[in-house]
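Reader: Please walk me through this structure, one question at a time. Keep the answers short.

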Amino acid sequence: MGAIIKTADEIEKMRIAGRLAADVLNMITPHVVKGVTTDELNTLCHDYIVNQQDAIPAPLNYGHPPFPKSVCTSVNHVICHGIPSDKKLKDGDIINIDVTVKKDGYHGDTSKMFIVGKPTILAERLVRVTQESLYKAIRMVKPGVRLGDLGHAIQQYAESHDYSIVREYCGHGIGATFHEDPQVVHYGRPNTGDVLEAGMCFTIEPMVNAGKRYSKILPDQWTVVTKDRSLSAQWEHTLLVTDNGVEILTLRDEEDIERVIEH
Ligand code: MF3
Ligand code: CO
Ligand code: CO
């Protein structure tokens, strides 16, 4: 099964869901400080999505076993799918908050890294290079480009900084279903994989480790960590392929990239 090409109507709903997901990250940003627990951040996001946005936090009860919270909070060596808990953030922690909102039947999926308190040089570089790898791939998106071209660009960029790319988790098509075809891996070879077409919606969400690429899942069956306990960073956007480029459906005002990129 290939990617679903969205109708004009569906694209409008994807724009709305994308904006709401981005708004959750904007809302939570001033709350990500030393001493707050990831469960408190989860509650703020949950209440905002349900009460202010009249939307659904898609992670809650998703999958098997059901994910128990409304956002993922992945701290330090947690690669992804971290479960919010009563653990407090401390100075120098890095944390990814991954928000997926479902509104009017359609999904918006986006995540952002935060550095708590005083950033270390190491953390700052990993977080920046990971975001740059996402932006590099986004700037390549247009009809005719292949998924392997994107994966290759991300992998090359991360590895040129002596970082590694996680292989077990990937981006994905998105729409009425949270995770739909195609799988969007963040490594690969140019000129391979599915060809992008106008009307496709998918995420790019590179997970970049400061150490080796290997991961393992904790006994809670969700939390994914680096095997060598090295730091890991991730950024995610939901994208629409347009006739001549890409639209970033989950863009935030603070970002230094254009919402609509035309080639
Ligand atoms: N938001 C994640 C993604 O980018 C998926 C989280 S699944 C959950 O695809 F159940 F952990 F929330
Ligand atoms: Co995603
Ligand atoms: Co996500």
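The questions below cover the metal site, the charged pairs, the aromatic rings and the nonpolar core.

Reader: Which residues coordinate the cobalt ion (ligand 3)?

Author: This is a predicted model. The donor atoms are carboxylate oxygens, labelled OD or OE, at 2.0 to 2.4 Å. In sequence the donor residues follow the spacing D-x10-D-x126-E. They are Asp98, Asp109 and Glu236.

Reader: Where in the chain do aspartate 98 and glutamate 236 lie, and how many residues apart are they?

Author: Aspartate 98 sits in strand β4, residues 94–103. Glutamate 236 sits in the loop between β13 (232–234) and β14 (237–241). The pair links distant parts of the chain, and the separation is 138 residues.

Reader: Are aspartate 98 and glutamate 236 buried or exposed?

Author: The cut-off for buried is under 20% relative accessible area. Aspartate 98 meets it, and so does glutamate 236. Both are buried.

Reader: What is the geometry of the site of the cobalt ion (ligand 3)?

Author: The ion has six donor atoms. Six donors count as octahedral if opposite donors are over 155 degrees apart and all others between 65 and 115. Here the angles run from 58 to 166 degrees. The site is irregular.

Reader: Which residue bridges the cobalt ion (ligand 3) and the cobalt ion (ligand 2)?

Author: The two cobalt ions lie 3.3 Å apart. One residue bridges them, and it also appears among the donors of ligand 3. That residue is aspartate 109.

Reader: How many salt bridges does the structure hold?

Author: A salt bridge needs a side-chain nitrogen of Lys or Arg within 4 Å of a carboxyl oxygen of Asp or Glu. Lysine 69 and aspartate 39 form one of them, with the closest N and O atoms 2.8 Å apart. The total is ten.

Reader: Which parts of the chain are tied together by lysine 69 and aspartate 39?

Author: These two residues form a salt bridge. Lysine 69 lies in the loop between β1 (56–57) and β2 (72–75), and aspartate 39 in helix α2 (residues 38–52), so the pair ties together parts that are 30 residues apart in sequence. Lysine 69 is partly exposed at 22% relative accessible area. Aspartate 39 is also partly exposed, at 24%.

Reader: Which residue forms a salt bridge with glutamate 254?

Author: The closest N and O atoms of the pair are 2.9 Å apart. Glutamate 254 is in the loop between β15 (245–248) and β16 (260–262), and its partner is in strand β5 (residues 106–115), 142 residues apart. Glutamate 254 is partly exposed at 49% relative accessibility. The partner, buried at 6%, is lysine 112.

Reader: How far apart in sequence are arginine 128 and glutamate 132?

Author: They form a salt bridge, with the closest N and O atoms 3.4 Å apart. Both lie in helix α3, residues 121–140. The separation is about one turn of the helix, four residues.

Reader: How are the rings of tyrosine 62 and phenylalanine 178 arranged?

Author: The structure holds two aromatic pairs, and this is one of them. The ring centres are 4.8 Å apart and the planes are at 55 degrees, so the pair is tilted.

Reader: What arrangement do phenylalanine 67 and tryptophan 222 adopt?

Author: Their ring centres are 5.2 Å apart. Planes over 60 degrees apart count as edge-to-face. Here the angle is 85 degrees, and the pair is edge-to-face.

Reader: Which ring does the charged end of arginine 167 sit over?

Author: The charged end lies 4.6 Å from the ring centre. The ring belongs to tyrosine 187.

Reader: Which element gives the most to the largest nonpolar core?

Author: This core has 34 residues. Those with the most contacts inside it include Ile138, Leu150 and Phe202. The elements that give two or more residues are α3, α4 (147–160), β9 (201–204), β14 and β15. With eight residues, the element that gives the most is α3.

Technical notes. Residues are numbered from 1 along each chain as its sequence is written. Chains are lettered from A and ligands numbered from 1 in the order in which they are written. This is a predicted model: local features need pLDDT of at least 70, side-chain atom pairs count only at pLDDT 80 or more; totals for chains, interfaces and linings use all residues. Side-chain values use heavy atoms; hydrogens and water are left out. Donors are N, O and S atoms within 2.8 Å of the metal (3.2 Å for Na, K and Ca); water is not among the atoms, so sites may look incomplete. Four donors count as tetrahedral if all angles lie between 85 and 135 degrees; four count as square planar and six as octahedral if opposite donors are over 155 degrees apart and all others between 65 and 115; anything else is irregular. Buried means under 20% relative accessible area, exposed over 50%, partly exposed in between (1.4 Å probe, protein chains only). Rings of Phe, Tyr and Trp (its six-membered ring) pair if their centres lie within 6.5 Å; planes under 30 degrees apart count as stacked, over 60 as edge-to-face and the rest as tilted. A charge sits over a ring if NZ of Lys or CZ of Arg is within 6 Å of the ring centre and within 35 degrees of the ring normal. A nonpolar core is a set of buried Ala, Val, Leu, Ile, Met, Phe, Trp, Tyr and Cys residues joined through side-chain atoms within 4.5 Å.
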